[in-house]
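This report describes a predicted model of a protein with DNA. It takes the surroundings of each strand in turn, then the interior of the protein.

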Amino acid sequence: MAKKKIVLLDGNSLAYRAFFALPLLTNDSGIHTNAVYGFTMMLQNILSEEKPTHMLVAWDAGKTTFRHKTYGEYKGGRQKTPPELSEQFPYLRKLLDAYQIPQYELDQYEADDIIGTLSKIGNEKGDEVIVISGDKDLTQLSSNHTTVYITRKGITDIEKYTPAHVMEKYGIEPYQIIDMKGLMGDASDNIPGVPGVGEKTALKLLKEFGSVENVYASLDKVSGKKLKENLTENEEQAFMSKELATIEQNAPLTISLDELQYDGPNEEQVKAIYQDLKFKTLLEKMAPEEAGVLMEEITIQLIEDPSTIEFKDEMAIHIEMADVNYLDADLMGLSLSDGEKTYYIPFEHVRNSDQLKAYLEDGKKKKYASDSKALYASLFRYGIKLEGIDFDLLLGAYIGNPSATYTDVASMVKDFGYTNVQSDEVIYGKGAKKSVPDEQTVAEHAGRKAEAVWKLKDAVEKKLKENEQFDLYYELELPLAKVLGQMESTGVKTDLETLQQIGVELSARLSELESIIYEMAGQPFNINSPKQLGEILFEKIGLTPIKKTKTGYSTAADVLEKLESEHEIISYILTYRQLGKLNSTYIEGLTKEIHEDGKIHTRFQQALTQTGRLSSINPNLQNIPIRLEEGRKIRAAFVPSEPGWLMFAADYSQIELRVLAHISQDEKMIAAFREDADIHTKTAMDVFGVDKDGVSSDMRRTAKAVNFGIVYGISDYGLSQSLNITRKEAGKFIDTYLASFPSVKQYMEDIVADAKMKGYVTTMMNRRRYLPDIVSSNFNLRSFAERTAMNTPIQGTAADIIKKAMIDMDKRLKEEKLETRMLLQVHDELIFEAPEHEIEKLQEIVPEVMESAIKLDVPLKVEWAFGKSWYETK
DNA sequence: TGAGCAGCG
DNA sequence: TTTAGCGCTGCTCAC
């Protein structure tokens, strides 16, 4: 028979944990729900992560247990269970019934004993057992087959106790936990132990003698007069305490392992209870499974001859395609809706219709799209130049809720409470089962999408107006979508031979490095496997691990760099990593992405980042190497697509610090930028209190790191890492910095306070980012939100600025009737290809347009270069 | 599928 | 007193 995976939960302990970990939530009906809610969250985590075959929740039975016969005061002095918690137990039991998880209690025994007995039975059969509790006593049950999960802070944070972990933490075996308790006692259970003996002393004694019995057998060897005295006087109490702490593993259970089989919940019942308790988020999580119901009827006109369509002045429009990548996806059909009538035209008829083409290219006919950039670029593949886009649902939803992840129209409209469109997953399936259904189904699906766009336009606009984001939407994001669509369609010419040539060199050097590394390691192994590499470095060679990850030793570059002087193999590994990355990601990766036209067409995601930046995918052209010369050569493969043309690149200099100077209104910083000083040198002068000539290169480097840190929402820890100095030193730098730029300090404090009050921060163009965690009681979450509050207005404003510059640039190129094409955006940089005779003009207008994209209290500065390839634009 | 690592601004 | 720089994408390994 297959091995079982048995999960045993300590019901009372976990309910207490959940109750105290969460604030006292009350639902509309006045029932307290925090313990049930926390318990449910935990349960769901366990079910999805562990996928148990067998489960049981054990409960304590009544007030007295067999332990009270040993010691009447057992668990004496405990606070009564708060009534707010007591009232939740019946709901918990009902919920577990709905989940169809067996529950069990046994008169005179505690939940521990039930769990201990079952885990023993499981162990004997070789099954895998997981015990979950909030009580560390249960760690005594850990064994080769049993792992004990103890909840840490909160409810979902769990510490896993294997025998090795117990050893690591306490230096003793799991079975010695009871000896430890015997000696030190346990205040929460009112187990006395030996007075004067705490955890430290108990562990010391156990490491020397092994057990309570042996401690007393060798009392004369115990050092310390007072300790010996205490032990002697409390011998009986020590043995009794050990007995009390011992979990019974032979309780007379009336239930067998086979009865614990878990086959999943009764969804209907679970849903009913969620509804009863008003667990909205949990309910929503269940909802996708029953998608497909409650759809309103829709009448779709399937069109073969587009000339029969009545093209209104305003219509919603959508193209249904078989893949997310609209640059090469198979286009299935186009849907149109005017709110009354909805049409679906299979794409073969779209392509061949002059009337439809004329409609799509008519700028006077307003069109509302689900994703306008996808429309521009996909229609452009068929020579159709889309005009008249006046609304974009994706961008509207994104501006209203940047943290959402939109995968299809259904996910966008959900934010507005609209449900009459199904998810793509429901229609097409997912993974291996993905397939296109019959045309009628596709037509309805596409029709519903167009209809949804039509119906939601008002709601989206209303929200934009309320949040004063109308301009951000109509002046920035919507026109940008068109520019980006053009850039994606244009693509960047990529020279395959250059890539291949670099690839050949890389492969040769990699195999050379490989032999050297194998030689030094004394054996071949997979250098790309952090696991194997860690074993070789830290076990075989015996280097000292500096950092650990969840799964083993960290072999990250910053760790290896610290070990470089310890062993010569390290530098070879670092080089191998670096070159391996170039080869797999850039040479092999980019080669695969070159289209038939000899170009690479990336897609810019316009509705993804939390800050308003763009991102680039399939492939990512925003992370082409530049920092190291070997990688930088990759850029030589990116060339103009026309003979005699050149690449032209322009980037904003220090845009984020300039934005910071403007937002914080720091006089010194503003002055520095106005006189075009080197900002890092200037910072160094202030932080180190020297004059310009006194700034060493090291000081400048430090100042640069501090400047970066400030932009990111600094912490002494982060700075200490990047500069390889102590936290204290880093803290000092930060203090000195903030003292010399007081307005920056003020800004950092104000923005955090503002975010706490409003729940969000904004950029100069009123882009929002919501930060619910900024009021969290969890230190990590809160700190992260605070740094985000400091960083987002800066990074986001910089993003706004370059977006505006792109729109202006596109317009200017047209006005000047230039052939120059904008190709790429890399956060603070724009890349163009241009005929040689236009270069002179570009040198004039590109900086002009970019520098005047927005008016700040400091000048914006643009630097530019051109050459025969991207590599040469330096 | 997620973790670890490394590439960019 | 264990936390711990901001924003991304893609490759490889191991499960």
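## Surroundings of DNA strand B

DNA strand B has 23 residues around it, and those that come nearest are Thr-555, Arg-577, Ile-626, Arg-627 and Asp-828; a residue counts as near a strand if one of its heavy atoms lies within 4 Å of it. Of the strand B atoms that come within 4 Å of the protein, 73% are accounted for by sugar and phosphate. By class, the surface near this strand has eight nonpolar, nine polar and six charged residues. Here Ala, Val, Leu, Ile, Met, Phe, Trp, Tyr, Cys and Pro count as nonpolar, Asp, Glu, Lys and Arg as charged, and the others, Gly among them, as polar. The element that gives the most to this surface is α26, with four residues; helices (H or I, at least four residues) and strands (E, at least two) are DSSP runs numbered from the N terminus.

Three side chains place an N or O atom close to backbone oxygens of DNA strand B. For Arg-577 the distance to a phosphate oxygen is 2.6 Å, and for Thr-551 the distance to a phosphate oxygen is 3.2 Å. The side chain of Asp-828 has an N or O atom 2.6 Å from a sugar or linking oxygen of strand B.

## Surroundings of DNA strand C

DNA strand C is surrounded by 37 residues, the closest being Ser-529, Arg-727, Arg-769, Phe-779 and Phe-784. Sugar or phosphate makes up 58% of the strand C atoms within 4 Å of the protein, and bases make up the rest. The surface near strand C divides into 10 nonpolar, 21 polar and six charged residues. At least two residues each come from α26 (569-592), β18 (615-617), α31 (697-712), α32 (716-723) and α35 (779-815), and α35 gives the most, with seven.

Gln-610 has a backbone N or O atom 3.1 Å from a phosphate oxygen of strand C. An N or O atom in the side chain of Gln-532 is 3.4 Å from a phosphate oxygen of this strand, while one in the side chain of Asn-780 is 3.4 Å from a sugar or linking oxygen.

## Thr-611

Thr-611 is in the loop between β17 (603-605) and β18. Its relative accessible area is 7%, so Thr-611 is buried (under 20%, with exposed over 50% and partly exposed in between; 1.4 Å probe, protein chains only). The side chains of Thr-611 and Gln-795 form a polar contact of 2.9 Å, that is, a pair of N or O atoms within 3.5 Å, one able to donate a hydrogen and the other to accept it. Beyond four places in sequence, Thr-611 is in contact (heavy atoms within 4.5 Å) with Arg-767, Arg-769, Thr-792, Gln-795, Gly-796 and Ala-799.

## Nonpolar cores and domains

The largest nonpolar core has 171 residues, of which Leu-336 and Tyr-652 touch the most other members. Such a core is a set of buried Ala, Val, Leu, Ile, Met, Phe, Trp, Tyr and Cys residues joined through side-chain atoms within 4.5 Å. α35 gives the most to this core, with 12 residues. Domain 2 (300-458) and domain 3 (668-794) each supply at least three residues to this core; the domain bounds come from an automatic or database assignment. The C-alpha centres of these two domains lie 44 Å apart.

## Conventions

Residues are numbered from 1 along each chain as its sequence is written, and chains are lettered from A and ligands numbered from 1 in the order in which they are written. In this predicted model local features need pLDDT of at least 70, side-chain atom pairs count only at pLDDT 80 or more, and totals for chains, interfaces and linings use all residues, while side-chain values use heavy atoms, leaving out hydrogens and water.
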